[in-house]
Amino acid sequence: MSGQTVVVRKRLPATCEEVFDAWLDAEGMRRWMCPGPVTSCEVTMETRVGGRFRIVMTGVGVEVVNTGEFRVLNRPSKLMFTWVSSRWNEQETLVTVELQRHEEECELVLTHERFPREHSTEQLAEGWGEILEKLGVHLVSG
Amino acid sequence: MLDRLRDGSLTVSQLAAPYAMSLNAVSKHIKTLERAGLVRREIRGREHSCRLHAERFADAMKWMTFYTEFWNDRMEALEEHLIEKRKRGGR
């Protein structure tokens, strides 16, 4: 399904366990999650599937609040969470972080997807259509 | 494909012309862009013409540029953080 997608790859000098744990360490995250001009960063999170997080970035005259919910927590290979930012009209987006070991390093692939607003119902209906169609094929071939 | 729509609307066959793809494959590709809200299709008789949804396109570009930079910077910072952590932890 296709909305707008951003993919970022990075090889990190750590084990995938270390990288995975960094995403669930609220205290450590304050050091790497906040962009340059941010003067203070607060992170709170409930580290379980269905648990929520909140990252508040405060700069001079601006405050950006990012919140979301953990959807998948598969240590050490995959995290998935929703991402809602006050900077982008509180629209719900989805972030997937995949980790794979490469010798002494961990390769991280981050995929951030944004789904078109007005089309979402239509898209959902279409998605269901596809699922039912495939199911139909299965039923016939089975 | 999106680039060529910047100058105005084109029919599906005009859009498909420079590509070594079947009309069907091109149509599928256009459908994806339509679902992403970046292209609008208008049907006049048997002709389907495509038009860039300029406002939506600009917004999409802005969002993608913002988050490409945001996550690239965050991953750099994460790298530094992990290196620091190892130094402190003596691993």
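1. Let me start with chain B, where strands β2(B) and β3(B), the latter covering residues 47–52, run antiparallel and are joined by six bridges. If you want a residue pair to locate this ladder, look at R41(B), whose bridge partner in β3(B) is C50(B). Please keep in mind throughout that this is a predicted model.

2. The two strands belong to an open sheet of three strands in chain B, ordered β1-β3-β2 and paired in the antiparallel sense. The edges of this sheet are β1 (10–11) and β2 (39–44) of chain B, each of which pairs on one side only. Helix α3 of chain B, residues 23–35, lies across β2 and β3 of chain B. Its direction is at about 120° to β2(B).

3. Chain A has an open sheet too, built from seven strands in the order β1-β7-β6-β5-β4-β3-β2, with antiparallel pairing. Here the edge strands are β1 (4–12) and β2 (38–45) of chain A, and each pairs on one side only. From one strand to the next, the twist averages 20°.

4. A walk through the middle of that sheet is worth your time. Strand β3 (residues 52–59) and strand β4 (residues 62–74) of chain A run antiparallel, with eight bridges between them. At one point of this ladder, G59(A) has V62(A) in β4(A) as its bridge partner. The two strands form a hairpin with two residues between them, and G61(A) in the turn has a positive phi of about 75°.

5. The next pair along is β4(A) with β5 (residues 78–85) of chain A, antiparallel over six bridges. Two phenylalanines face each other here: F70(A) stands opposite F81(A) in β5(A). Three residues make the link in the hairpin that joins β4(A) to β5(A). In the loop between these strands of chain A you will find P76(A), and the peptide bond leading from R75(A) to P76(A) is cis, with omega near 0°. I would have a look at that bond on screen.

6. Moving on, β5(A) and β6(A) pair in the antiparallel sense over seven bridges. Within this ladder, L79(A) has V97(A) in β6(A) as its bridge partner. Helix α1(A) packs on the sheet, touching β1, β2, β4, β5, β6 and β7 (105–114) of chain A, and its direction makes about 160° with that of β6(A). One backbone detail deserves a mention: N89(A) has a positive phi of about 55° although it is not a glycine. N89(A) is placed in the loop between β5 and β6 (92–102) of chain A.

7. Now to the meeting of the two chains. How much area do chain B and chain A bury between them? The value is about 3300 Å², with 64% of it on carbon and sulfur atoms. On the chain B side, R35(B), W63(B) and W71(B) supply 26% of the area that chain B buries against chain A, more than any other three residues. The contact involves 43 residues from chain A and 31 residues from chain B.

8. Polar pairing also features here. Between chain B and chain A there are eight residue pairs in polar contact. Which elements of chain B supply the touching residues? Both α3 and α4 (54–89) of chain B contribute at least two residues each to the side that touches chain A. The largest share, 24 residues, comes from α4(B). By type, the residues on this side of chain B are 14 nonpolar, five polar and twelve charged.

9. The placement of α4(B) goes with this picture. Helix α4(B) lies across β1, β3, β4, β5, β6 and β7 of chain A, and runs at about 15° to β1(A).

10. Last, the charges. Side chains of opposite charge can pair when their charged atoms come close. Over all chains, the structure holds 15 salt bridges, and five are found across the interface of chain B and chain A. One salt bridge is between E79(B) and K10(A), where the closest N and O atoms are 2.9 Å apart. Another joins E18(A) and R86(B), with the closest N and O atoms 2.7 Å apart. This pair crosses between chains, from E18(A) in helix α1 (residues 16–23) of chain A to R86(B) in helix α4 of chain B.

Technical notes:
Residues numbered from 1 in each chain as written. Chains lettered and ligands numbered in written order. Predicted model: local features only at pLDDT ≥ 70, side-chain atom pairs only at ≥ 80, totals over all residues. Heavy atoms only, no water. Pairing = 2+ DSSP bridges. Helix = DSSP H or I, 4+ residues; strand = E, 2+ residues; numbered from the N terminus. Contact = heavy atoms within 4.5 Å. Axes fitted to C-alpha atoms, helices over the stretch in contact; angles between N-to-C directions. Buried area = accessible area lost by both parts, 1.4 Å probe. Salt bridge = Lys/Arg side-chain N within 4 Å of Asp/Glu carboxyl O. Polar contact = N/O pair within 3.5 Å; in protein donor to acceptor, adjacent residues only side chain to side chain. Nonpolar A, V, L, I, M, F, W, Y, C, P; charged D, E, K, R; others polar.
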